[in-house]
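Work through the exercises below with the sequence and the 3D model at hand. Try each task before reading its solution.

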Amino acid sequence: MTDQNTVNADAILKKYDRESNTVHYTGWPKKVVAAIAITFSIFQIYTATFGVLDAQLQRAVHLGFGLALAYLLYPFRRAWARDHFFHPIDVAFAILGAAAPAYIVIQYRELVTRAGSVTMPDVIVGGLGILLVIEATRRVVGLPMVTVVLFFLAYAFLGPYMPGVLAHRGLSLEQLVSHLYFTTEGIFGIPLGVSSTFIFLFILFGAYLESTGLGKFFIDLANAVAGWASGGPAKVAVLSSGL
């Protein structure tokens, strides 16, 4: 009965929560995804423990792993999803998703030396990286967030044609790519920094609690201690969260 309830809950979650609607692979694709995820986790634990990388380098590696997993777990079209093999298009996107941030890691010293002066290869890789992030957003979250992103990207170019206080001098393509992809104020800004340092570790620890059954033990213990009392649900939530 419990297994059936779990299956039903997972089906409902996948139906209404787009981010939960991932492909569950079997066979060798499952091992590939697991290997990427384990390597990702080891990297995050290592950098959290020793903190040996500059912020932009850590965020670039974090983004590369994240894009690769996003493209493998969220197919270009749901109709293409198969649990026993990767679609070639998704594999190509995953490789590009890992390669674009890797460019920053490989060229980091030169990028720092040039201090914001981008070359044509920088513009090409940076523009590709921005498009890859937008496509990953479409797959994971959906078109509404992509629409917001495209609106503000258009605003960056259309500033000279905007009325009143909305007007600005506008940006060139090189300026936009440089700011969004080669500084810590665009894609590699504070949200990605928080994700690469704190959020990932909380999610990893939560997954550990869920897999080992320790999380259920905390909840059951909190229910036994405070579930009978007045205001039980709130007390259970506070106690289990504290544990």
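**Exercise 1.** Is arginine 139 buried or exposed?

Solution. The model is predicted: local features need pLDDT of at least 70, side-chain atom pairs count only at pLDDT 80 or more, and totals for chains, interfaces and linings use all residues. Residues are numbered from 1 along each chain as its sequence is written, and side-chain values use heavy atoms, with hydrogens and water left out. Buried means under 20% relative accessible area, exposed over 50%, and partly exposed in between (1.4 Å probe, protein chains only). Arginine 139 has 4% relative accessibility, so this residue counts as buried.

**Exercise 2.** Find the salt-bridge partner of arginine 139 and place both residues.

Solution. A salt bridge needs a side-chain nitrogen of Lys or Arg within 4 Å of a carboxyl oxygen of Asp or Glu. Arginine 139 meets aspartate 90 at 2.8 Å, N to O. The two are 49 residues apart and link distant parts of the chain: arginine 139 is in helix H6 (residues 120-140), aspartate 90 in helix H4 (residues 88-106). Helices are DSSP runs (H or I, at least four residues), numbered from the N terminus. Aspartate 90 has a relative accessible area of 2%, so it is buried too.

**Exercise 3.** Trace the network around this pair.

Solution. Within helix H6, glutamate 135 and arginine 138 are three residues apart, about one turn. Their salt bridge has its closest N and O atoms 2.8 Å apart. Glutamate 135 is buried at 14% relative accessibility, while arginine 138 is partly exposed at 22%. Through shared partners, salt bridges join Asp90, Glu135, Arg138 and Arg139 into one network.
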